[in-house]
Amino acid sequence: MSSRADLLASGVATLTAAGIEGAPRDARLLLRWASGLEAAAFSARLSDSSPADETARFAAAIALRAARRPVSQIVGGREFWGRRFAVSADVLDPRPETETLIAAALDGPRPEAVLDLGLGSGCILLTLLAEWPETIGMGVERSPAALALARANAEAHGVADRAQLLEGDWFAPVRGRFGLVVSNPPYIPEAEVEALDPEVRDWEPMGALAAGPDGLADYRTLAAGLDRALAPGGRAILEIGAGQENDVAAIFAEQGFRLHAAHPDLDGRPRALEFRRSEADFR
Ligand SMILES: C[S@@+](CC[C@H](N)C(=O)[O-])C[C@H]1O[C@@H](n2cnc3c(N)ncnc32)[C@H](O)[C@@H]1O
């Protein structure tokens, strides 16, 4: 039996040879996951021998990571806004950038009802419902496998009774109006998919990533349908990709929405665009 420290060193070597950036961090995370130990206990017991089942789990995890599978998919979860969301190859790995949208939403008035278009793991809608215990929500997702995972996450976070999660194409299954509409739609131009990191290109669902030749196809659909889903005085907040601010603002302006704020991510880049109706509305 090898010690955990020896296993860790060999895992780091394998991942480094496979060209994984951050190999020591990933190997440590995977060994801790394989051990089932909490962070403090893991550090204290690094020189202990690793039991056979743990060693086998770690070896399998290192092989997957060397094949560029994201750590979140190997360990089956990801932390987002302080909560753990189950993650699989059927959903986008919740990104830290998307927390910009959460911060922007929570910074404004609490809506009675929120609509999330393109649920994925459900990280956006379910976080907002967990933060706003008096709010109800509706979420839409085209992929049945992603929807099933979002439903499991809703149960895990105790918000399932306030979340209506529906399968469908953007606004098609939506009924009613919402004080807040949020979405992190696919926004990568098709031609750029090939150049993405293998972790994303080879392991994340293409239907969560690519959006037509210019990456803006889904913003056009969302802008065109927003008027009938947004309550009077409501807000819409959408995540965007790098450099898309002006194009997306123009698409929404054409449909009668003005850019109220462009919320920057931790790198200072506009990441979440907040829209309101251009005219004071009395609907
Ligand atoms: C970029 S992912 C975002 C997932 C999640 N909201 C997040 O932020 O991690 C976009 C999601 O939209 C879904 N989607 C793509 N086209 C759709 C459509 N026409 N109708 C409904 N959902 C769609 C994808 O399956 C994917 O789950």
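User: Which domains does the domain assignment of the protein chain give?
Analyst: Keep in mind that this is a predicted model. The assignment splits the protein chain into two stretches, with domain 1 running over 4–67. The other stretch, 78–277, is domain 2.

User: What distance separates the centres of domain 1 and domain 2?
Analyst: Each centre here is taken over C-alpha atoms. Going from the centre of domain 1 to that of domain 2, you cover 34 Å.

User: Which residues does the UniProt annotation "domain: Methyltransferase small" cover?
Analyst: That label comes from an unreviewed UniProt entry. In the model, the stretch it marks is 32% helix and 24% strand, and its end C-alpha atoms sit 26 Å apart. The annotation covers residues 101–191.

User: How many residues surround the ligand?
Analyst: Gly118, Glu141, Asp169, Trp170 and Asn184 are the closest ones. By type, the shell divides into eight nonpolar, six polar and three charged residues. Altogether, the residues around the ligand number 17.

User: Which residue has a polar side-chain atom 2.5 Å from an oxygen atom of the ligand?
Analyst: Gly118 uses a polar backbone atom, 2.8 Å from a ligand nitrogen. Leu119 also has a backbone N or O atom by a ligand nitrogen, at 3.2 Å. The side-chain contact to a ligand oxygen belongs to Glu141.

User: And how much of the ligand's accessible area does the protein cover?
Analyst: On its own, the ligand has 600 Å² of accessible area. Of that, the protein covers 97%.

Technical notes:
Residues numbered from 1 in each chain as written. Predicted model: local features only at pLDDT ≥ 70, side-chain atom pairs only at ≥ 80, totals over all residues. Heavy atoms only, no water. Domains from an automatic or database assignment. UniProt positions renumbered as here; feature names shortened; annotations may be inferred. Helix = DSSP H or I, 4+ residues; strand = E, 2+ residues; numbered from the N terminus. Near = heavy atom within 4 Å. Polar contact = N/O pair within 3.5 Å; in protein donor to acceptor, adjacent residues only side chain to side chain. Areas by Shrake-Rupley, 256 points an atom, 1.4 Å probe, with all protein chains shown as cover. Nonpolar A, V, L, I, M, F, W, Y, C, P; charged D, E, K, R; others polar.
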